Amino acid sequence: MTIASLVERERRHLRRAEVVFALLAGIGVSALVLALASVVLGGARWLTLPRLLPFLVWAIVAAVLAVVTLHTRRRMLRSGSRAHVAETIEREQGMRRGLLVGAIELEGTGALAARAAHAARASLPSDAPLAPALRRGSSRRAAAGAGVAAAGVVVLLTASPAFGDGLRALMQPIDAWRGALLERPRIEGAPGEMLRGAPLRVLVRAPGRTHVVLARRETGDAWRSDTLVVNPRTGTAHWTLDALRGDLRLVASDGRATSDSVMVHAADRPFVGALSLRADYPAYLSRASESLAAGEPLRVPRGTVITVRGRASVPLSTVTLMDGSREAFALSTSAHTFAGRLTADRSMQLRWSAIGPGGPVPDLPSILELDVLPDSAPRIAIVAPAADTILAAVDQVALSLTATDDHGVANVSLTLMLGTESGQEREVAANVGTSWAGGASLDVAALRLPPGGAIRVRAEAVDNSPWRQRGVSRELVIRRATTEEQRGVARALGDSTVKEARAMVAAQRSLAQRTDEAARAQARQGTSAGSSPSTSAAATPPRGPMSYDGAEQARALAGEQRAMAQRVQKLREATAQLQ
């Protein structure tokens, strides 16, 4: 092996050590710079620091690498030259100064140079390092570079978990510049429409940030901003507005990325109003339909159909009238209007319920109080006979009936019940109006009642309402007298007839006597009124006018004569009945 190859071998070892040192030192210093920059940019500080900072860090890293590279190049040019390595070998091997350098410089120029090179080669070991101290120094530099690299990598790996966002900002500086390194902020919980004056609470989701700026602008107002602290565990921040006065626009930003714009419309408090009620009365009442006053208790007859109409300030999805938990009446809706019909069959209090786009409508009409007046059942009575009747000598019973109803009686009938048999109904009158009085004749002979047999009679009336309500009178018992009762009645009737005949004979005698006296008194009055001193005794005096007392007496006698004639007629009827 020549002198030149031996020196070149030492130079290669030195160059390798210098390159390793430069590479490891560059890696270590770069790692330290990146770790320090991660700490500076971490904790979302990269969002507030200048956007050029990640690029400046990489510029610093590049500068460090350039410095290390230049330093290594200078060392290699100064310490790694052939002459410097040859001098180091001469010094470490104890050779005469300039021997190895001269041999290298003169090698190949002649016989003397070859002889000198051979002599120098002979004094050097072939396998052992020629400059062990130089090698140890270069190895120590390489080890120092490895230590710097290891320290830098350890520091970088240690800082990465705590300041990972800063490292990501360094690794992706363009995304950090544009704000695309993290998920864009989002505004959640903001409804599309709210009641004016209602409080608003929204959630801003911005993971990876420590602060976020929420900008807001109400209609007619300037932009305003609030800085919100982001919870590091949940990555969210809360924002509250005490009262919404107008349409509100919200935008959240972390300084780099901006959320979508959210619009909250301020709606006036929804209400249901413009209520109109119309009553269609049952046909049997013959009463025209009419409008009813909303907000007042409604007194309507049973069966009235009430039409409900109204309007709301917001589009409606459902409108319901609820009678507590018993029944609900759903009304049909069309945008802002609603309508429906309900039949009043009982008294109830109906509460309103309406749902719009924002939920239940708060302002509703007052409770709809429905007072239903039920149609009363007709009333019917048997006026005569006033009590149960026993038939002794007649077979016809005259009944006197009365029937009344608040709207109209459709039918009056008699129900005849003989013993335990079901009743036989006989119609007496129909469609007689609200009040009726009439009679009915009951032929007991046609019923073939045996002596002592009885029949029960009941009058019934049905009104003309759709419910066909029925009224029932008291029950009248008509009984045919037994043979013994007929005999007793006959004896009583005979005694009464005889007594009446005697009284009538006495009265007739008294009446005849008083009539005769009245006639004579009238004759005397006419004779004294017709006499005069200038007339002759043989002349017949004319009849004078009747006095007032006489006229009244004559009128009274005439009335007694008529009454006497009626008594005679009744006596004849009693005699016929007795027969």
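## Aromatic contacts and helix α2

In this predicted model, R287 lies over the face of Y281, at 4.0 Å from the ring centre. A second arginine is placed in a similar setting, in that the charged end of R51 sits over the ring of W177, 6.0 Å from its centre.

Ring-to-ring contacts come next. The count comes to 3 aromatic pairs, and two of them are set out in the table.

| Pair | Centre to centre | Angle between planes | Class |
|---|---|---|---|
| F55 and W177 | 6.2 Å | 75° | edge-to-face |
| F338 and W352 | 5.9 Å | 65° | edge-to-face |

For the pair of F55 and W177, the angle of 75° exceeds the cut-off of 60 degrees, so the pair is classed as edge-to-face. Since F55 belongs to helix α2 and W177 to helix α8 (residues 173–178), the pair ties together parts that are 122 residues apart in sequence. F55 counts as partly exposed, at 35% relative accessibility, and W177 is likewise partly exposed, with a relative accessible area of 35%.

The pair of F338 and W352 joins strand β15 (residues 337–344) to strand β16 (residues 348–356), and therefore ties together parts that are 14 residues apart in sequence. Here F338 counts as buried at 3% relative accessibility, and W352 is buried with a relative accessible area of 7%.

Helix α2 itself covers residues 53–79, and at 1.5 Å a residue its 27 residues should span 39 Å, which agrees with the 38 Å between its end C-alpha atoms. The buried residues of α2 are P54, V57, V61, V64, V68, T72, R75 and S79. An α-helix has 3.6 residues a turn, so residues three or four places apart point the same way.

Conventions: Residues numbered from 1 in each chain as written. Predicted model: local features only at pLDDT ≥ 70, side-chain atom pairs only at ≥ 80, totals over all residues. Heavy atoms only, no water. Helix = DSSP H or I, 4+ residues; strand = E, 2+ residues; numbered from the N terminus. Expected span 1.5 Å × (residues − 1). Buried < 20%, exposed > 50% of the residue type's maximum accessible area, 1.4 Å probe, protein only. Phe/Tyr/Trp six-rings, centres within 6.5 Å; stacked < 30°, edge-to-face > 60°. Lys NZ or Arg CZ within 6 Å of the ring centre and 35° of its normal.
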